[in-house]
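Take a walk through this protein model with me. We will go from empty space to strands, and then to cysteines.

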Amino acid sequence: SDDIICYVGRDKHENEHLIKYGWPGDIWFHVDGLSSAHVYFRLRNTDIVSSIPVDDLPPDSVYDMMQICKNNSIAGCKLSSCKMVYTPHSNLKKTFEMESGAVTYHSTKLCRYQRCDKDRQRVKELEKTKSKDVDVNYYEEMKANERRIVERKKRQRKGGDGLYDPLQEDIKATQQKATRQGDNESGLDSGLAALEGLSFAPVAKSAAQPEETDGGMDNAADPDEPQWVQDEQSRALEPSDDVRFLRERGYPAKEAAVAYNSTTLRVSALRKLYNPEYVDASSSDIPEEITMARQEEKEVLLAMFGEDETATFGDIDNENCLDAALPITAYEPPDRYEEPPPLMLEVYVDNGIAPMYPNEPPVLALVGGGFSEGHLRELTDRVKAEAAEKGADEPGEPQIFNLLTFVGEAADQIVEDETAELEAAKKKRLEEQRAAATKQREADAEKRQKDPALVGSAAFANDAERRAYAKDIVAAGTYGKPGGNDGAKKNAPRKKYHTGVSDQSLINDLFG
């Protein structure tokens, strides 16, 4: 089709360029498990549609992409059939330690697999459509595409252009389904809408109520709820909205209150908590190269998150404003967190917060994701260290996209560490319970051995233990009985046991 163009990497270095400068709507093809060229399915005219969902690709186009990819694999082209994989370019994961051209995936759930059989006739037909223009400026093409997407979104916000974008419609339908309540007829929807505008003042503490601890835990919190829910219940009792705002981002109540009282602006307080050593040495004159770098970075972020309703921008129409709250799409909370709000990375640079960004690190905050306030603080410290390190290694380079990837990896690591701690605590608890039970059994046995009169019901934990003890007494009293099958003990002298009144009572109870 004239609406589709295919890019093929000739070697690992060109594959690396395609990975780095891919478009948001690209679909990446590769031979699964074998070395091959990276093949990209791309729409020519993103003025109309920015992308096609991976499950809605035209079957003929998928077939052609797989044939091209298989034919450009040294090992795959020799096989009559091989397995192919394709996934959106945004699902490709590239880390610094990987070799050129090597990638992995953020989520295998977005990967699609098919068998591809050799079709020499179709490959010959596709070879005739190959362009001779191999001198491609990938960076300029990527930036031009981002500008087209931004302009199209501006037109849509100003009144719409009447164009149908299947990806956008699919996203909207999914979000509407997830947030829909009731059936629009029973009155539930209208009731919820009426409640949205209501706000409830925090309950004042009486003298009899326990004081809230600095860690954010309140005695009223349900210990069976996930930790983030308990923290949320504790914050609900916080009288100051601004202190609550800071606590939601992982800062303890006392530190948040001190920082806010010293500035009376929540974002300034956030900057003070984030970087206590910060000295405001900015001027009103911002170099042009910084302004241009910010504008380009915002274009990239709008192209990536402009259609995501969870993402927010401080001023979406002002290209000089870069403040944003962006979702960490690579992070998936564990089931034990019970459907928490999405994990968001908040970036603050406007209004004098970080005026020289990207020549200075931005102020960053993390919220949501099912993390406790303590884990949010730990995650923020990790991201802060990463931003400082990248700023020192690559001064003047945009950081936000790389930080989004880093946050996803750091969040997964915190969840893994927490899981390991929970498993270790569970194992230790079980071992302690077993040790306590063993110790109790040994103590009971020793007590019964010293005082046979205690073999009554008071000496046993339950009736089954009492009856088992009675069987042991009977076995001991009849051991070595003449006529037994054990020849070695046939002539042994018979032992006499005096089991006492309590033992006899047990025997009569069991066999009488």
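Start with the empty space inside. This predicted model holds 1 cavity of 30 Å³ or more. Rolling a probe the size of a water molecule over the atoms is how such empty space shows up. The largest cavity contains about 30 Å³ of space. Which residues line the largest cavity? They are Lys390, Glu394, Glu397, Pro398, Gln399 and Asn402. Sort that lining by character, and you get 3 charged residues, 2 polar ones and 1 nonpolar one.

Now turn to the strands. Five of them, in the order S1-S3-S2-S4-S7, form an open sheet. Their pairing is antiparallel. Which strands stand at the edges? They are S1, residues 4-8, and S7, residues 112-117. Each has a single partner strand, so one side of each is left without a neighbour in the sheet. From one strand to the next, the twist averages 25 degrees.

Look at one pairing in that sheet. Strand S4 covers residues 81-88, and 6 bridges join S4 to S7. These two strands run antiparallel. Among the paired residues are two cysteines: Cys82 has Cys116 in S7 as its bridge partner.

Do not confuse that kind of bridge with a disulfide. How many disulfides does a search of the whole structure find? The count is 0. A disulfide needs two cysteine sulfur atoms within 2.5 Å. The closest cysteine sulfur to that of Cys116 is in Cys82, 5.5 Å away, so the two are too far apart for a bond. Cys116 counts as buried because its relative accessibility is 2%. Cys321 has a relative accessibility of 19%, so Cys321 counts as buried too. The cut-off for buried is under 20%.

Another strand pair lies further along the chain. Strand S10, residues 344-348, is joined to S11 by 5 bridges. The two run antiparallel. One of the matches links Met344 with Val367 in S11. Strand S11 spans residues 363-367, and 5 of its 5 residues are buried. Val363, Ala365 and Val367 point one way from S11. Leu364 and Leu366 point the other way. Residues on both sides are buried.

Finish with a contrast. Is Arg120 buried or exposed? Arg120 has a relative accessible area of 59%, so Arg120 is exposed. Arg120 lies in helix H3, residues 120-127. Compare Arg120 with Asn71: they are 49 residues apart in sequence. In space, 9.0 Å separates them, C-alpha to C-alpha.

Note on methods: Residues are numbered from 1 along each chain as its sequence is written. This is a predicted model: local features need pLDDT of at least 70, side-chain atom pairs count only at pLDDT 80 or more; totals for chains, interfaces and linings use all residues. Side-chain values use heavy atoms; hydrogens and water are left out. Buried means under 20% relative accessible area, exposed over 50%, partly exposed in between (1.4 Å probe, protein chains only). Helices (H or I, at least four residues) and strands (E, at least two) are DSSP runs, numbered from the N terminus. Two strands pair if DSSP finds at least two bridges between them. On a 1 Å grid over the protein atoms alone, a cavity is a set of points where a 1.4 Å probe fits but cannot get out, and a pocket is an open set with protein on both sides within 12 Å along at least five of seven lines; lining residues have an atom within 4 Å of a point. Grid points are joined across faces, edges and corners, and a volume is the space filled by probe spheres set on the points. Ala, Val, Leu, Ile, Met, Phe, Trp, Tyr, Cys and Pro count as nonpolar, Asp, Glu, Lys and Arg as charged, and the others, Gly among them, as polar. Axes are lines fitted to C-alpha atoms, for helices over the stretch in contact, and angles run from 0 to 180 degrees between N-to-C directions.
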